[in-house]
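Here are a few short exercises to work through with the structure open beside you. Try each task before reading its solution.

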Amino acid sequence: MTTTRSTETTAPPTTPTRTSWLRDHSELGVSLLLFVIGVLVLTDALTMTVDIAQRGPVGPRTVPVVVGAGLLVVAVLLAVDVLRGGRGESEGGEDVDLSEPSDWRTVLLLAGVFLAFAVLIGPVGFPVSGALLFWGAAYALGSRHLHRDPLIAAGLSLLTYVVFNNLLGVPLPGGPLMGVL
């Protein structure tokens, strides 16, 4: 009886390269970013000058200190989870077709609208620049109701201005409409 020998060869185990380790642990970049932002927030909060006459346990430092500490805790917990082998969920649950190209036209239109808003808010005020922002965003995202959209945008902008400026006491630039509103 003749026995045949298997001539299978096993490849030596490959050692992971540095780039593959970084690719497998890419979430550490998010952790590092959260840590840096947490340190910046805490540093800014703790070096803030506070009026001596301020009384009570809650001052202007409280919320930034809590947010900064929360960012540091989340950064450390994320780093520990990633180093223990935790992985983020894939984007399979989202309604996004990753094989389709990006819609750069929409992105550029929205960026242009936001840039125009930032440039125009000083000279023409919030009501006018806000109306252009709301109408431009609706147009960039696909709405083509050219008679209805500007009216809704103007109404929404005026409502936002009145709520923030008059009801909440957050001053927004009124521009040429300052005396009218």
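Helices here are DSSP runs of H or I with at least four residues, numbered from the N terminus. Keep in mind that this is a predicted model.

**Exercise 1. Work out which elements make up the protein and in what order they run.**

Start by counting: the protein has five helices and zero strands. Next, read from the N terminus on, and the order is α-α-α-α-α. To finish the overview, take the burial: of the 181 residues, 18% count as buried.

**Exercise 2. Find where Leu172 lies, and decide whether Leu172 is buried or exposed.**

First locate the residue: Leu172 sits in the segment that follows helix H5, residues 148-167. Then look up its relative accessible area, which is 19%. The cut-off for buried is under 20%, so Leu172 is buried. As a last step, pair Leu172 with Thr160: the two are 12 residues apart in sequence, and their C-alpha atoms are 9.8 Å apart in space.

**Exercise 3. Determine how helices H2 and H3 are oriented to each other.**

Begin with the axes. Those of H2 (residues 27-46) and H3 (residues 62-83) come within 8 Å and cross at roughly 160°. Angles over 145 degrees count as roughly antiparallel, and H2 and H3 are therefore roughly antiparallel to each other. Now add the handedness: H2 passes H3 in a left-handed crossing. Finally, sort the residues of this contact by class, which gives 21 nonpolar, three polar and one charged.

**Exercise 4. Compare the end-to-end distance of helix H4 with that of a straight helix, and locate the bend.**

Take the length first: H4 spans residues 104-140, a total of 37 residues. A straight helix would reach 54 Å at 1.5 Å a residue, yet the end C-alpha atoms of H4 are only 11 Å apart. Now look along the helix for a change of direction: H4 bends by about 135° at Gly125. A proline, Pro127, follows within four residues of that bend. Continue past the end of the helix, where Gly142, just after H4, has a positive phi of about 115°.

**Exercise 5. Classify the packing of H4 and H5.**

The axes of H4 and H5 come within 8 Å and cross at roughly 135°. That angle makes H4 oblique to H5. For the handedness, H4 passes H5 in a right-handed crossing.

How values were computed
Residues are numbered from 1 along each chain as its sequence is written. This is a predicted model: local features need pLDDT of at least 70, side-chain atom pairs count only at pLDDT 80 or more; totals for chains, interfaces and linings use all residues. Side-chain values use heavy atoms; hydrogens and water are left out. Helices (H or I, at least four residues) and strands (E, at least two) are DSSP runs, numbered from the N terminus. The expected span of a helix is 1.5 Å times one less than its number of residues. The bend at a residue is the angle between axes fitted to the seven residues ending there and the seven starting there. Axes are lines fitted to C-alpha atoms, for helices over the stretch in contact, and angles run from 0 to 180 degrees between N-to-C directions. Angles under 35 degrees count as roughly parallel, over 145 as roughly antiparallel, 65 to 115 as roughly perpendicular and the rest as oblique. A crossing is left-handed if the near helix is turned anticlockwise from the far one by less than a right angle, and right-handed if clockwise. Ala, Val, Leu, Ile, Met, Phe, Trp, Tyr, Cys and Pro count as nonpolar, Asp, Glu, Lys and Arg as charged, and the others, Gly among them, as polar. Buried means under 20% relative accessible area, exposed over 50%, partly exposed in between (1.4 Å probe, protein chains only).
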